[in-house]
Amino acid sequence: MAVTGLRMGVVGGSIAGCAMAIAGSRAGADVTVYERSNGELQDRGLGIVIPPALHQELLAAGYLDTAMETAPVGTRVWITRPPGGRSGREFGRQPSAVVPCNWGMLWRSLRSRTGDVRYHRGLPVTSVERDSAGRALIRTAAGAETYDIVVGADGHQSLTRDLLAPGLRPTPAGYVVWRGTVPLSALNGRHDQLELLRSAWVTVTFPRGHGVFYLIPGAPKAAGAGGVPGDRLLAYAIYGYPPAPAADGQDEPVAGYVRTLAEEHFPAEWADIVARGEHVSLVCHPVTDFQVPRSAHPPFLLAGDAAAITRPHTASGAVKALQDALCLERALRGSASTADALRRYADERTAAGAQLVELGRRLGRAQVERTPEWHTMGPVELDAWSRAVLDGATSYLFGDLR
Ligand SMILES: Cc1cc2nc3c(=O)[nH]c(=O)nc-3n(C[C@H](O)[C@H](O)[C@H](O)COP(=O)(O)OP(=O)(O)OC[C@H]3O[C@@H](n4cnc5c(N)ncnc54)[C@H](O)[C@@H]3O)c2cc1C
């Protein structure tokens, strides 16, 4: 029992789009991907963390290339700066096995596994519609094509989503995240921090915010290009509230403000690392979330950020996109009709997205909006606080705690 002879169109050729294309192709569909951008995807040097079990599953199933480098670690270390102090104090260590990846390398690995898929880059989709026979129609500057199913993998501003959830827009959390990557030279003279980062990922806490630091594969030039195996970059994400707009309209540049924030709140040794790095990449995102009421209505389905965005504290947006793809492959292989396959997909992935959105809100409240007095905590308080925040849910970032 399997759906056969399908024509599948995919809007967006990033993480979700490539993974869904592989899923469709492995299930026997004839797949075409339309990607608006013409080249910057492979050069994104940002950090992405995924759970080890998912990494293994993707390797075994052939979605990822075994040659893709990762920088796995097994522990999370929590650091605070005591009031009036300059240096950091470690206040807890938790088992937390994660597989940090370089976003550009992850995309390239997925792209290299898309095989026979037709992948059009630099070709924006201008509309997605249902034709009079109930099939899906994709329009681009090159013409119109009909498909049995169309996957909206077109990110947070998805035009495909407007068919399934008209008018749905992300809800702002009110705070932002600065996400950067710096060369390892930023750790010169910081032997202790470098050693720590070789075996752990680090959370540096402060009132109404925190930063996370971890090593990812990659070379200092364009991330991933021209490097040798074993090269590492330092990735970070700092969550907090943006500065008030400047009275003269001349806002401080992003890199300047990140340095100011780190200087104000971080232990000196970590603030210094942020201040020193010539950024390979640095972006500031407003933190938002949303979830579509249902992630498929035949012949359309949504994947990745087009279907749901969870606050990034869960480190699960790309994870969810990859799990969406594994689910689609299973559903297509195990269903007698496209409608059944998409029903199964929607049942499983709508629920998974909703759980992640809820978890992201809880983590955001606890780690940014209403932070505890971090400096009063030790390992016992940290575990108790983590359990209370999870409230029975699980997150691979917290190991076995629930
Ligand atoms: C600070 C931060 C940290 C994060 N950390 C993690 C992490 O550690 N682990 C994790 O799993 N996730 C993480 N995420 C989330 C993760 O980055 C995203 O969920 C993931 O990259 C989304 O992939 P996507 O393919 O769904 O969307 P996107 O990467 O946004 O791709 C959408 C694609 O669609 C294309 N497109 C859009 N419109 C059209 C159109 N009309 N026609 C053709 N193409 C179109 C775009 O060009 C783009 O390439 C993080 C996010 C943030 C902000």
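These are my notebook entries on a predicted model, covering its ligand, its salt bridges and a few backbone details.

**Entry 1: the ligand and its surroundings**

I began with the ligand and looked up which residues lie around it. The shell holds 30 residues, and the closest are Ser14, Glu35, Val49, Asp305 and Val319.

Next I asked which kinds of residue make up this shell. I found 17 nonpolar residues, seven polar ones and six charged ones.

Then I traced the shell back to the secondary structure. At least two residues each come from α1 (15-26), β2 (30-35), β3 (47-50), β11 (171-183) and α8 (317-333). Helix α8 gives the largest share, three residues.

I also checked the domains. Domain 1 (7-45 + 105-170 + 289-361) and domain 2 (73-101 + 172-287 + 366-398) each contribute at least three residues to the shell.

**Entry 2: polar contacts with the ligand**

Here I looked at individual atom pairs between protein and ligand. For glutamate 35, a polar side-chain atom sits 2.6 Å from a ligand oxygen. For valine 49, the partner is a backbone N or O atom, 2.8 Å from an oxygen of the ligand. Alanine 16 also uses its backbone: one of its polar backbone atoms is 2.9 Å from a ligand oxygen.

How much of the ligand's accessible area does the protein cover? On its own the ligand has 1000 Å² of accessible area, and the protein covers 89% of that.

**Entry 3: salt bridges, starting with a distant pair**

A reminder to myself: side chains of opposite charge can pair when their charged atoms come close. I counted 20 salt bridges in this model, and I picked out three pairs to read in detail.

My first pair was arginine 311 with aspartate 289, whose closest N and O atoms are 3.5 Å apart. The two residues are 22 apart in the chain and link distant parts of it: arginine 311 belongs to the loop between β18 (308-309) and α8, while aspartate 289 is in strand β15 (residues 281-291).

Is arginine 311 buried or exposed? Its relative accessible area is 9%, so I wrote it down as buried. Aspartate 289 is buried too, at 2%.

**Entry 4: two pairs inside helix α8**

I stayed with α8, the helix that gives the ligand shell its largest share. Lysine 320 and aspartate 324 form a salt bridge there, with N and O 3.9 Å apart. Four residues separate them within α8, which is about one turn of the helix. Both of these residues are buried.

Further along I found arginine 333 bridging to glutamate 329, with 2.8 Å between the closest N and O atoms. These two are also in helix α8 and four residues apart, so about one helical turn separates them. Their surroundings gave me a contrast: arginine 333 is partly exposed at 41% relative accessible area, whereas glutamate 329 counts as buried at 7%.

I added one more note on salt bridges: Arg7, Asp30, Arg118 and Glu145 are joined into one network through shared partners.

**Entry 5: backbone details**

Before this step I noted the usual picture: most residues other than glycine have a negative phi, and most peptide bonds are trans.

Where did I find a cis peptide bond? The bond runs from proline 298 to proline 299, with omega near 5°. Proline 299 is in the loop between β16 (296-297) and β17 (300-302).

I then looked up positive phi values. Arginine 208 is not a glycine, yet its phi is positive, about 60°. This arginine lies in the loop between β12 (200-206) and β13, and it is partly exposed, with a relative accessible area of 44%.

Alanine 315 is likewise not a glycine and has a positive phi, of about 45°. Its place is the loop between β18 and α8, and at 24% relative accessible area alanine 315 is partly exposed.

**Entry 6: a look at glycine 209**

My last stop was glycine 209, which is part of strand β13 (residues 209-217). Its relative accessible area is 0%, so glycine 209 is buried. I also checked its distance to arginine 169, which is 40 residues away along the chain: the C-alpha atoms of the two are 25 Å apart.

Definitions and conventions:
Residues are numbered from 1 along each chain as its sequence is written. This is a predicted model: local features need pLDDT of at least 70, side-chain atom pairs count only at pLDDT 80 or more; totals for chains, interfaces and linings use all residues. Side-chain values use heavy atoms; hydrogens and water are left out. A residue is near a molecule or strand if one of its heavy atoms lies within 4 Å of it. A polar contact is a pair of N or O atoms within 3.5 Å; within protein, one must be able to donate a hydrogen and the other to accept it, and residues adjacent in sequence count only if both atoms are side-chain atoms. Accessible areas come from the Shrake-Rupley method with a 1.4 Å probe; for residues, only the protein chains shown count as cover. Ala, Val, Leu, Ile, Met, Phe, Trp, Tyr, Cys and Pro count as nonpolar, Asp, Glu, Lys and Arg as charged, and the others, Gly among them, as polar. Domain bounds come from an automatic or database domain assignment. A salt bridge is a side-chain nitrogen of Lys or Arg within 4 Å of a carboxyl oxygen of Asp or Glu. Buried means under 20% relative accessible area, exposed over 50%, partly exposed in between (1.4 Å probe, protein chains only).
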